[in-house]
Amino acid sequence: MQGYIDCHCHISAAEFDNDIDVVVENSKRAGILALLAVAEHAGEFEKVMQLSQRFSGFIFPCLGVHPVQAANDLQQRGAVLEDLDAALPQIEKYKDHLVAVGEVGLDFTPRVVSSDAGKDQQRQVLIRQVELAKRLGLPLNVHSRSAGRPTIHLLKEQGAENVLLHAFDGKPSVAMEGVKAGYFFSIPPSIIRSEQKQKLVKQLPLENMCLETDSPALGPEKQVRNEPKNISICAEYIARIKGVPVEKVVEMTTQNALRLFPKLKTLLTI
């Protein structure tokens with residue numbers, strides 16, 4: 001199967017409201033086969049589902065509670081169990097249409113969470129979502145900013161098997177613990193300006209890599225809206241670091257995505 005799979009993007013973000021048709025058309029022209037649309041909170045679920053229905057066979061929904069939630073228009077806070085309680089009925093409602101539970105995870109950035117109690121709340125939210133994914137037979141689409149090691153350790157402790165760690169910002173040695181557990185790591189276009197991502201790719205086996213854009217964030221340029229069409233940048237940069245043809249990177253990362261998200265095999269309309 002020739003083409004890219006964007007394993008993690010926020011296509012329901014307000015930044016795409018005015019030109020979503022153009023963004024999707026440009027994505028298809030760039031050779032993308034599928035966009036995995038992740039959600040961050042219950043208020044976003046309906047929009048993600050509507051987009052997946054409108055662009056059926058191309059946009060695929062992942063619903064979950066992100067470890068960072070909005071406290072108000074200006075401040076952020078860590079996720080708490082009440083956030084999950086609000087989300088669960090809708091996840092249950094749409095469970096048969098989901099390709100993954102996500103975006104879930106831990107985020108120990110000090111401005112988000114500074115207390116042990118706050119970190120523990122995030123852990124509880126993640127544990128419940130790991131249990132949910134196992135019950136539904138779905139993979140996890142995982143965020144782990146400033147919490148690489150704690151996230152991987154928790155996932156292993158909870159027996160999570162089908163895991164994508166998106167835009168991993170930890171050390172390569174920590175990522176290798178995830179590789180040993182059979183986890184996958186998706187690489188965004190920001191690799192061209194991130195020494196950490198470049199070091200990560202150098203160490204990670206291609207067998208454990210997928211591609212993502214995290215659109216509208218993590219693009220090739222800071223403060224410029226990222227789009228799924230930029231996914232080729234990831235593949236080209238990985239190929240350069242690994243010293244392999246870009247076609248091999250595209251083929252392997254797509255096969256990895258199909259293995260990790262098995263529902264895609266039956267749902268893709270190509």
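**Two histidines, one helix and the nonpolar cores**

In the predicted model, His-166 lies in strand S8, which covers residues 163-166. With a relative accessible area of 5%, His-166 falls under the 20% limit and is therefore buried. Leaving aside neighbours within four places in sequence, the residues in contact with His-166 are His-8, Glu-103, Asn-141, Val-142, His-143, Ser-186, Glu-212 and Asp-214. One of these, Glu-103, makes a polar contact of 3.1 Å with His-166, side chain to side chain.

His-143 is located in strand S7, residues 140-143. The relative accessible area of His-143 is 8%, so this residue is buried as well. Beyond four places in sequence, His-143 is in contact with His-66, Pro-67, Glu-103, Val-104, Gly-105, Leu-106, Asp-107, Thr-151 and His-166. The side chains of His-143 and Glu-103 are joined by a polar contact of 3.0 Å. Glu-103 thus has a side-chain polar contact with His-143 and another with His-166.

An unreviewed UniProt entry assigns the feature "binding site" to His-143 and His-166. The two positions span 24 residues in sequence, but their C-alpha atoms are no more than 5.9 Å apart, so they gather at one spot. Both His-143 and His-166 belong to the lining of the largest pocket.

Helix H2 comprises residues 42-54, and its buried residues are Ala-42, Glu-44, Phe-45, Val-48, Met-49, Leu-51 and Ser-52. Viewed down the helix axis, the buried residues of H2 fall within an arc of 160°, and therefore line one face of the helix. Gly-43 and Gln-53 are exposed and sit on the face of H2 turned away from the buried side. The packing partners of the buried residues of H2 are helix H1 (20-29), strand S2 (32-38), strand S3 (59-63) and helix H3 (81-94).

In soluble globular proteins, nonpolar side chains tend to be buried together. The largest nonpolar core in this model has 74 residues. Within this core, Ile-11, Ile-59, Leu-63, Leu-140, Leu-155 and Leu-165 touch the most other members. A second core, separate from the largest, contains 19 residues, among them Leu-33, Ala-100, Ala-257 and Phe-261. For Leu-155, the contacts outside four places in sequence are with Val-130, Leu-140, Val-142, Ala-160, Val-163, Leu-165 and Tyr-183. Of these partners, Leu-140 lies in strand S7, as His-143 does, and Val-163 and Leu-165 lie in strand S8, which also holds His-166.

Definitions and conventions
Residues are numbered from 1 along each chain as its sequence is written. This is a predicted model: local features need pLDDT of at least 70, side-chain atom pairs count only at pLDDT 80 or more; totals for chains, interfaces and linings use all residues. Side-chain values use heavy atoms; hydrogens and water are left out. Buried means under 20% relative accessible area, exposed over 50%, partly exposed in between (1.4 Å probe, protein chains only). Helices (H or I, at least four residues) and strands (E, at least two) are DSSP runs, numbered from the N terminus. The arc is that of the directions from the helix axis to the C-beta atoms. Contact means heavy atoms within 4.5 Å. A nonpolar core is a set of buried Ala, Val, Leu, Ile, Met, Phe, Trp, Tyr and Cys residues joined through side-chain atoms within 4.5 Å. UniProt positions are given in the numbering used here, feature names are shortened, and annotations may be inferred rather than shown by experiment. On a 1 Å grid over the protein atoms alone, a cavity is a set of points where a 1.4 Å probe fits but cannot get out, and a pocket is an open set with protein on both sides within 12 Å along at least five of seven lines; lining residues have an atom within 4 Å of a point. A polar contact is a pair of N or O atoms within 3.5 Å; within protein, one must be able to donate a hydrogen and the other to accept it, and residues adjacent in sequence count only if both atoms are side-chain atoms.
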